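Here's a quick briefing to read with the model open beside you. Take a look at the fold before going through the points.

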Amino acid sequence: MKIKKLAVSGMLAAFTVALSGFSIPIGASRCFPIQHLVNVLAGIFLGPVYGVSMAFCTSLIRNLMGTGSLLAFPGSMVGAFLGAYLYKKTGRVSLTCLGEIIGTGFIGATLCYPVSALFMGKDVGLFFFVVPFLMSTVCGTILAAFLLVILRRLGLVSYLTRQMNE
């Protein structure tokens, strides 16, 4: 186990939990983009195993604190995995962002249906969570893309990637 990756995973999880109350109003809904921003960063700098582990820990902590729901598990973990997996295979930030959006907005949102029905007792449609999850993940992914553009211009993306893989 790499201590650097473990430490960064813990810091990203703490950052996400601390800022989980930050939201952006969009129409009649509110989106919480920090988890998705962090998923993209974790996918690039940490890889699939640490990215998914960080998303799981964040969801668990938020649930234990009463600030999250069981729906956070499939939403955040699938997006973190797909984004990190695509980055690992291609090295392209754009595919990492797309993986986070598809993983959370479509796959994770659809996986929330059985969680909602079986564990939360809420009977909703199969695609009920797609629109709210998409709004949240798109906002967070756009924020991550802007941050990555700044980090890349400063030469920090390649530096941080090297540091994580030493």
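What follows covers the fold, the overall dimensions, the interior and the surface.

Keep in mind that this is a predicted model. The protein has 7 helices and 2 strands, and going along the chain from the N terminus you meet them in the order α-β-β-α-α-α-α-α-α. Its radius of gyration is 15 Å, close to the 15 Å that the globule rule gives for 166 residues, so the protein is as compact as a globular protein of that length.

**Dimensions and interior**

- Along the principal axes, the C-alpha atoms take up a box of roughly 45 × 30 × 30 Å.
- Of the 166 residues in the protein, 44% are buried.
- If you look at contacts with a separation of 6 or more, 66% of them join residues 24 or more positions apart.

**Surface**

- About 8600 Å² of the protein is exposed, and 74% of that comes from carbon and sulfur atoms.
- A nonpolar patch sits on the surface, built from Leu98, Ile102, Phe106, Ile107 and Leu111.
- Taken together, the residues of this patch have about 400 Å² of accessible area.

**A closer look at Phe106**

- Where does Phe106 sit? You'll find Phe106 in helix H5, which covers residues 93-119.
- Is Phe106 buried or exposed? Phe106 has 40% relative accessibility, so it counts as partly exposed; the partly exposed class lies between the buried cut-off of under 20% and the exposed cut-off of over 50%.
- Phe106 is also one of the residues in the nonpolar surface patch.

Conventions. Residues numbered from 1 in each chain as written. Predicted model: local features only at pLDDT ≥ 70, side-chain atom pairs only at ≥ 80, totals over all residues. Heavy atoms only, no water. Helix = DSSP H or I, 4+ residues; strand = E, 2+ residues; numbered from the N terminus. Rg over C-alpha atoms; globule rule 2.2 N^0.38 Å. Buried < 20%, exposed > 50% of the residue type's maximum accessible area, 1.4 Å probe, protein only. Contact = heavy atoms within 4.5 Å. Areas by Shrake-Rupley, 256 points an atom, 1.4 Å probe, with all protein chains shown as cover. Patch = residues over 30% accessible without salt bridge, like charges linked within 9 Å, V, L, I, M, F, W, Y side chains within 5 Å. Salt bridge = Lys/Arg side-chain N within 4 Å of Asp/Glu carboxyl O.
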